[in-house]
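This report goes through a single protein chain, from its surface and fold to its charged side chains. The sequence and structure come first.

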Amino acid sequence: MNKSMLTGVVLGAIAVTAIGGVAGYKALNPKPEFAEVLAAKPVTETVKTPRKECHDVVVNEQAPVKDSNRIAGTAIGAVAGGLLGHQIGGGTGRTLATVGGAAAGGYAGNQIQKNLQEKDTVSRTETRCKTVYESHTKTIGYDVRYRLGKEEGHVRMDHQPGSRIPVKDGQLQLDAPAEP
């Protein structure tokens with residue numbers, strides 16, 4: 001056997017031994033394909049949703065006044081008071097009673113018209129709205145406690161993990177569907 005052939009055989013034997021050793025090590029110490037889920041707790045938040053709530057109410061208000069100076073009540077009261085005052089007394093007293101009755105009647109007529117105007121109301125329906133909030137609970141994820149080999153850890157996932165989490169190259173595959 002020549003020297004180069006012997007070198008090739010020795011190098012080949014070393015390569016086969018090394019490859020066999022690595023393969024044997026991997027076979028005896030396999031990396032786990034899944035992490036065991038020990039606990040999964042839902043993480044929630046409360047969401048308040050606004051909504052408009054409306055209802056109709058009857059509103060009473062003073063009717064529009066046509067005679068804001070109450071001239072009609074004052075005039076009618078003055079005439080009525082003057083007629084009553086004229087019935088009392090005689091001569092100069094009658095004139096004074098007529099003038100006094102007209103003044104008192106005018107004032108009384110003015111006040112009577114004022115009271116009538118204040119009590120004269122109109123009704124209208126008005127829609128009143130307010131914002132009310134409805135609360136509901138929403139699950140935003142899961143806090144997961146897991147075991148990978150002999151190590152335990154925690155992670156937050158956006159979906160229910162099931163009983164195991166897939167592992168690739170020693171890393172949890174959180175987006176992958178969990179295996180039962």
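How much area does the protein chain expose, and what share of it do carbon and sulfur atoms supply? The exposed area is about 13,500 Å², and carbon and sulfur atoms supply 58% of it.

## Model and overall makeup

The structure is a predicted model. Its protein chain has 180 residues, of which 18% are buried. Buried here means under 20% relative accessible area.

Secondary structure consists of 3 helices and 5 strands. Along the sequence these elements follow the pattern α-β-α-α-β-β-β-β. Contacts between residues at least 6 apart in sequence were also counted for the protein chain, and 72% of them join residues at least 24 apart.

## The sheet

The 5 strands form an open sheet with antiparallel pairing, in the order 3-2-1-4-5. Strand 3 and strand 5 (171–172) stand at the edges; each has a single partner strand, so one side of each is left without a neighbour in the sheet. Strands of a sheet pair through backbone hydrogen bonds, in either a parallel or an antiparallel arrangement.

Strand 1 covers residues 34–62 and strand 4 covers residues 164–168. These two run antiparallel and are joined by 3 bridges. Between strand 1 and strand 2 (residues 121–148), also an antiparallel pair, there are 26 bridges. Individual positions show the register: K52 stands opposite T131 in strand 2, Q62 stands opposite T121 in strand 2, and F34 stands opposite P166 in strand 4.

## Salt bridges

How many salt bridges does a search of the whole structure find? The search finds 9. Side chains of opposite charge can pair when their charged atoms come close.

One of the pairs is D143 with R156, whose side chains meet at 2.8 Å, N to O. D143 lies in strand 2 and R156 in strand 3 (residues 151–157), so this salt bridge ties together parts that are 13 residues apart in sequence. Both partners are partly exposed: D143 has 34% relative accessibility, and R156 has a relative accessible area of 49%.

R124 forms a salt bridge with E126, with the closest N and O atoms 2.6 Å apart. R124 is partly exposed at 34% relative accessibility. E126 has 23%; because buried means under 20% relative accessible area, E126 counts as partly exposed. In another pair, the side chains of E53 and R51 meet at 3.6 Å, N to O. Here too the partners are partly exposed, E53 at 32% relative accessibility and R51 at 35%.

Salt bridges also link four residues, E36, R145, R147 and E152, in a network.

## Aromatic rings

How many aromatic pairs does the count give? The count comes to 0 aromatic pairs.

Which residue lies over the face of F34? R164 does, at 3.9 Å from the ring centre. F34 is also the residue that stands opposite P166 in strand 4, and strand 4 is joined to strand 1 by 3 bridges.

Terms used. Residues are numbered from 1 along each chain as its sequence is written. This is a predicted model: local features need pLDDT of at least 70, side-chain atom pairs count only at pLDDT 80 or more; totals for chains, interfaces and linings use all residues. Side-chain values use heavy atoms; hydrogens and water are left out. Two strands pair if DSSP finds at least two bridges between them. Helices (H or I, at least four residues) and strands (E, at least two) are DSSP runs, numbered from the N terminus. Buried means under 20% relative accessible area, exposed over 50%, partly exposed in between (1.4 Å probe, protein chains only). Contact means heavy atoms within 4.5 Å. Accessible areas come from the Shrake-Rupley method with a 1.4 Å probe; for residues, only the protein chains shown count as cover. Rings of Phe, Tyr and Trp (its six-membered ring) pair if their centres lie within 6.5 Å; planes under 30 degrees apart count as stacked, over 60 as edge-to-face and the rest as tilted. A charge sits over a ring if NZ of Lys or CZ of Arg is within 6 Å of the ring centre and within 35 degrees of the ring normal.
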